[in-house]
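The following exercises ask the reader to work from the sequence and the three-dimensional structure. Each task is followed by a solution in steps.

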Amino acid sequence: MMRKKVMLMNKMEDLIEWLKGVAKEHNITVLTESQWPSDWVPQSQIELRCVWYNPNWFPACERPLTLAHEIGHILSGDEVSLSCNYCSINEKAESDGDLIAIMLLLDYCRTHDITFETKQQLIEAFRIPISMTESVDRATNFTLFAMRKKYRELAISSTGVFI
């Protein structure tokens, strides 16, 4: 059991490093502090293109998803407001952060030859909360659409029989 837990932690750290690389590619700074308490909520600020990632966040299994979500806020360009007067704007920004986070996880899976037979397996593997299942549906539907479009374009340019 301990060996499995160590393997999962190593894979989680690999994913976090990959996400930090994505952030760097998009000129997003990821700041961390080893002294932050485990309940300090990760944040992002679009104007600064900066994510404050808590490496002590608990539960630990949520760390990659929270980092992907905060990167998603910056990539979407939506400003997150904590004011109750802007709840619908805040909900849209959270939804955009969720969607991009899931798309980042799918891209990680694609680039690392990780596959799932069902959406539920994806949800369980990354500990995606129920509140984000709509984003899982949207991201996987978009991914399938993009793949179909790519294959159609290849079929049109192909001289042979394709699809």
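**Exercise 1. Determine which residues Ile 71 contacts, leaving aside its neighbours within four places in sequence.**

*Solution.* Step 1. The structure is a predicted model. In this model, Ile 71 is in contact with Leu 19, Ala 23, Ile 28, Val 51 and Leu 104.

Step 2. Take one of these partners, Leu 104, whose place is in helix 3. Along the chain, Leu 104 and Ile 71 are 33 residues apart, and their C-alpha atoms are separated by 9.2 Å.

Step 3. Examine the pair from the other side. Not counting residues up to four places away in sequence, Leu 104 touches Ile 71 and also Trp 18, Leu 19, Val 22 and Ala 68.

**Exercise 2. Decide whether Leu 104 is buried or exposed.**

*Solution.* Step 1. The relative accessible area of Leu 104 is 9%. Step 2. A residue counts as buried under 20%. Leu 104 is therefore buried.

**Exercise 3. Describe the largest nonpolar core and state which helix gives the most to it.**

*Solution.* Step 1. This core has 33 residues, and those with the most contacts inside it are Leu 19, Ile 71, Ile 102 and Ile 128.

Step 2. At least two residues of the core come from each of helix 1 (2-25), helix 2 (63-76), helix 3 (87-111), helix 4 (119-125) and helix 5 (133-157).

Step 3. With nine residues, helix 3 gives the most. As a general point, nonpolar side chains tend to be buried together in soluble globular proteins. Of the 163 residues of the chain, 33% count as buried.

**Exercise 4. Give the strand order of the open sheet, and explain why strand 1 and strand 2 each have one side without a neighbour in the sheet.**

*Solution.* Step 1. From the N terminus on, the elements run α-β-β-β-α-α-α-α, which comprises five helices and three strands.

Step 2. The three strands form an open sheet in the order 1-3-2, with mixed pairing. Strand 1 (29-31) and strand 2 (43-45) stand at the edges and have a single partner strand each, so one side of each is left without a neighbour in the sheet. From one strand to the next, the twist averages 20°.

Step 3. Strand 1 pairs with strand 3 (residues 50-52) in the parallel sense over three bridges. In strand 3, Val 51 is the bridge partner of Val 30; Val 51 is also one of the contacts of Ile 71.

**Exercise 5. Identify the backbone oxygens that the side chain of Thr 140 reaches.**

*Solution.* Step 1. Thr 140 lies in helix 5 and is buried, with a relative accessible area of 12%.

Step 2. Its side chain reaches the backbone oxygen of Val 136 at 2.8 Å and that of Asp 137 at 3.2 Å.

Step 3. Beyond residues up to four places away in sequence, Thr 140 touches Leu 106, Lys 119 and Leu 122.

**Exercise 6. Find where the pLDDT stays under 50 and how many contacts the model has there.**

*Solution.* Step 1. The chain averages a pLDDT of 80, and 71% of the residues score at least 70.

Step 2. Over residues 1-7 the pLDDT stays under 50, and the model has zero contacts for them beyond four places in sequence. The pLDDT is also below 50 over residues 81-90, a stretch with four contacts beyond near neighbours in sequence.

Step 3. Where pLDDT is low, the predicted coordinates should not be read in detail.

Terms used. Residues are numbered from 1 along each chain as its sequence is written. Side-chain values use heavy atoms; hydrogens and water are left out. Two strands pair if DSSP finds at least two bridges between them. Helices (H or I, at least four residues) and strands (E, at least two) are DSSP runs, numbered from the N terminus. Axes are lines fitted to C-alpha atoms, for helices over the stretch in contact, and angles run from 0 to 180 degrees between N-to-C directions. A nonpolar core is a set of buried Ala, Val, Leu, Ile, Met, Phe, Trp, Tyr and Cys residues joined through side-chain atoms within 4.5 Å. Buried means under 20% relative accessible area, exposed over 50%, partly exposed in between (1.4 Å probe, protein chains only). Contact means heavy atoms within 4.5 Å. pLDDT is the predictor's confidence in each residue, from 0 to 100. A polar contact is a pair of N or O atoms within 3.5 Å; within protein, one must be able to donate a hydrogen and the other to accept it, and residues adjacent in sequence count only if both atoms are side-chain atoms.
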